[in-house]
Structure formats: C-alpha cells, structure tokens
Amino acid sequence: MMTDTVARRAILVPIDLHGITRDALETVVKLARQLDRRLLGLLLEDIRLQQVAELPFATEITLVGGRERSLLRDHLSQRHSLVSTDTRRLLHELANREQVELVFENSSGSRLHTALERDGQLDIFFPARQRWQRAALVRPAGGRPIRRLGIVLAGCEQDARVLDITAMLLDAQLVAEVYVLSVGPLDRSQLQQLYKQGNRICLQANLHRDPASITRLLRQSHYDLLLLPRDCLQGIAAQALDATLDKSGGQVLVIT
C-alpha cells in the first residue's frame with residue numbers, strides 16, 4: 001500500500017497567512033479527484049512576515065511588569081493559527097466528500113520558493129489571492145466549476161501532461177471553455193483529443209516564452225485556471241515571480 005501511495009502523483013497546495021477561498025479549495029479537490037491525485041496541504045509560516053514582526057516599532061510596554069511585547073508578532077501568530085485551522089477543517093471536509101487522499105505538512109518560507117523546491121511527483125496549485133473588492137465569479141450554465149481554462153503549450157516535455165489533464169477535465173465536464181496558448185505553430189495532432197462535440201476550444205499561436213511574456217500572462221490572467229508547464233518559469237527572477245503570483249487574477253496549476 002505504501003508503494004502505491006508513493007508512486008501516485010500529488011497536487012501540492014501552499015497555505016499561508018492569506019488563506020484560500022472555498023471556491024479555490026473546491027476546485028483543487030475536484031482536480032485531485034478527477035486526475036486521481038493525492039493532495040498535500042503545505043502549511044506555511046512566512047518568514048518574511050515574521051521578520052517584519054521583529055521590527056522595533058511593532059512593540060508595546062505592558063502595564064504589569066513593564067515588559068515589552070511585540071504586537072505584530074502576536075497578531076501574526078494568531079492569524080497563522082486561525083487560517084491554518086480553518087483551512088485544514090474545510091479541506092478535510094471537501095476531501096472526505098470527494099474521497100480524495102489528503103495529508104498536511106508544516107514548513108516555513110514563501111509559498112513560491114517552498115513549493116518549487118519540493119522533490120517528488122508534485123504539480124503545484126497556486127490559488128489567486130483574495131481581494132476585498134473582487135467581483136464574484138459567475139458560474140457557467142451546467143454548474144461547471146472551471147468556466148475558462150487556459151493551457152500553455154510551450155514546446156517542452158510537460159506539454160503532453162498538460163493535454164492529458166485538459167482532456168480528462170473535459171471528459172468529466174468540469175470545463176466550459178478551453179483557451180490554448182501555444183509557443184509557435186500549433187501541432188494539430190496534439191489537439192485532436194480535445195475536439196469533441198460540445199467542447200469550445202479557442203486557439204492562439206503567438207505566445208512568447210520569455211520571462212516578461214510569462215509574467216505578464218500570469219499577472220493579467222483572465223482564466224479561472226491556467227495550466228502552466230514548469231519549464232516556462234525558467235529564467236524568471238524569484239522575487240518577480242513571487243510578486244506576479246500574488247497579483248494573478250486566477251488560479252495557476254504548475255505542471256511538472
């Protein structure tokens with residue numbers, strides 16, 4: 001049994017102080033069920049925020065004993081505990097309902113670096129950051145959870161997996177529209193598995209794979225979910241990629 005578990009691929013979900021919406025968690029659980037993946041929830045303590053909490057101006061003096069206490073550090077600790085507890089509870093509930101294997105691990109660091117440094121057969125799900133004034137997504141007719149699916153074909157070894165995942169999501173009727181973004185001319189033979197009655201496929205064959213183009217694609221994403229080969233992240237400075245994912249308007253699944 002352990003051999004089967006180790007051999008199966010997993011989807012890693014980084015969970016930090018920003019939290020994850022219920023819609024995003026439902027999406028990744030449905031993905032895991034349909035793709036026969038395990039889920040690994042990585043509970044992150046962001047060391048950058050902890051460093052801010054140590055700044056000298058973020059302190060108070062208690063009336064009893066005159067001891068100094070860090071207000072920001074205490075707040076972050078409480079926030080981390082609350083978000084972790086709520087997310088674990090909700091993810092457990094959704095995974096149990098969909099009969100998806102779920103495990104949690106604790107770590108520290110930014111969600112990008114910690115996730116990309118992991119070894120093993122892990123695709124990585126980056127949920128969009130929650131926005132106070134963000135308009136609610138309109139669900140398409142038929143209740144499909146992914147209204148717009150964007151997929152990048154970059155001429156790399158992960159393209160085959162991107163297409164396989166897309167075909168499985170279409171077969172399960174989880175996707176309403178597919179937008180294929182290709183680096184260079186499209187290989188029509190690769191796309192035959194996506195063309196089935198009722199599927200709406202939009203093609204674009206002028207995507208560039210340079211760091212500026214990929215970061216712009218992530219930042220300005222109009223897709224509910226974007227399947228992105230990991231090779232597309234090569235050459236992008238870690239700080240720039242971290243900031244881009246923080247501003248992305250949609251979910252991103254990095255395919256390894």
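Is Glu26 buried or exposed? I looked this up before anything else, and Glu26 counts as buried, at 19% relative accessibility. The cut-off for buried is under 20%, so Glu26 falls in that class with its 19%. I note here that the model is predicted.

**Entry: the chain as a whole**

I went through the secondary structure and found 9 helices and 11 strands in the protein chain. The chain has 256 residues, and 47% of them are buried. I then took the contacts with a separation of 6 or more; residues 24 or more positions apart account for 76% of these. My search of the whole structure for salt bridges gave 8.

**Entry: helix α2**

I looked at helix α2, which covers residues 22–35 and has 14 residues. From the first C-alpha to the last, α2 reaches 20 Å, close to the 20 Å expected at 1.5 Å a residue. I listed the buried residues of α2: Ala24, Leu25, Glu26, Thr27, Val28, Val29, Leu31, Ala32 and Leu35. Just after the helix I checked Asp36, which takes a positive phi of about 55°.

**Entry: Arg22 and Glu26**

I returned to Glu26 to find its partner. The side chain of Glu26 meets that of Arg22 in a salt bridge, at 3.1 Å from N to O. Side chains of opposite charge can pair when their charged atoms come close. Both residues belong to helix α2 and are 4 residues apart, about one turn of the helix. An α-helix has 3.6 residues a turn, so residues three or four places apart point the same way. I compared exposure across the pair: Arg22 is partly exposed, with a relative accessible area of 37%, whereas Glu26 is buried at 19%.

**Entry: Arg33 and Glu98**

I moved along α2 to Arg33. Arg33 forms a salt bridge with Glu98, and the closest N and O atoms are 2.4 Å apart. Because Arg33 lies in helix α2 and Glu98 in helix α4 (residues 71–98), this pair ties together parts that are 65 residues apart in sequence. Arg33 counts as partly exposed, at 37% relative accessibility, while Glu98 is buried with a relative accessible area of 13%.

**Entry: Val29**

I picked Val29 as a buried position of helix α2. Its relative accessibility is 1%. Leaving out residues up to four places away in sequence, Val29 touches Leu39, Leu91, Leu94, Ala95, Glu98 and Val100. I also took a C-alpha distance: Val29 and Arg97 are 68 residues apart along the chain, and their C-alpha atoms are separated by 9.5 Å.

**Entry: α2 against α6**

Which residues of α2 meet α6? I found Leu31, Gln34 and Leu35 on the α2 side, and Ile165, Met168 and Leu169 on the α6 side. By class, this contact has 5 nonpolar residues, 1 polar and no charged ones. The two helices pack at an angle of about 100°, with their axes 10 Å apart. Angles of 65 to 115 degrees count as roughly perpendicular, and α2 and α6 are therefore roughly perpendicular to each other.

**Entry: Arg161**

I stayed with helix α6, where Arg161 lies. Arg161 is buried, with a relative accessible area of 18%. Apart from neighbours within four places in sequence, Arg161 is in contact with Arg9, Arg37, Asp123, Ile255 and Thr256. With one of these, Asp123, the side chain of Arg161 makes a salt bridge at 3.1 Å, N to O. Asp123 is in strand β6 (residues 122–126) and Arg161 in helix α6 (residues 159–171), so the pair ties together parts that are 38 residues apart in sequence. I checked Asp123 for exposure too, and Asp123 counts as buried at 1% relative accessibility.

After this pair I looked for salt bridges that share partners; such bridges join Lys30, Arg33, Arg97 and Glu98 into one network.

**Entry: α8 against α9**

How are α8 and α9 set against each other? Helix α8 (residues 211–219) and helix α9 (residues 238–247) pack at an angle of about 25°, and their axes are 8 Å apart. That makes α8 roughly parallel to α9. From α8, the contact takes in Thr215, Leu218 and Arg219; from α9, Leu241, Thr244, Leu245 and Lys247. I sorted the residues of this contact by class and got 3 nonpolar, 2 polar and 2 charged.

Methods:
Residues are numbered from 1 along each chain as its sequence is written. This is a predicted model: local features need pLDDT of at least 70, side-chain atom pairs count only at pLDDT 80 or more; totals for chains, interfaces and linings use all residues. Side-chain values use heavy atoms; hydrogens and water are left out. The expected span of a helix is 1.5 Å times one less than its number of residues. Buried means under 20% relative accessible area, exposed over 50%, partly exposed in between (1.4 Å probe, protein chains only). A salt bridge is a side-chain nitrogen of Lys or Arg within 4 Å of a carboxyl oxygen of Asp or Glu. Axes are lines fitted to C-alpha atoms, for helices over the stretch in contact, and angles run from 0 to 180 degrees between N-to-C directions. Angles under 35 degrees count as roughly parallel, over 145 as roughly antiparallel, 65 to 115 as roughly perpendicular and the rest as oblique. Contact means heavy atoms within 4.5 Å. Ala, Val, Leu, Ile, Met, Phe, Trp, Tyr, Cys and Pro count as nonpolar, Asp, Glu, Lys and Arg as charged, and the others, Gly among them, as polar.
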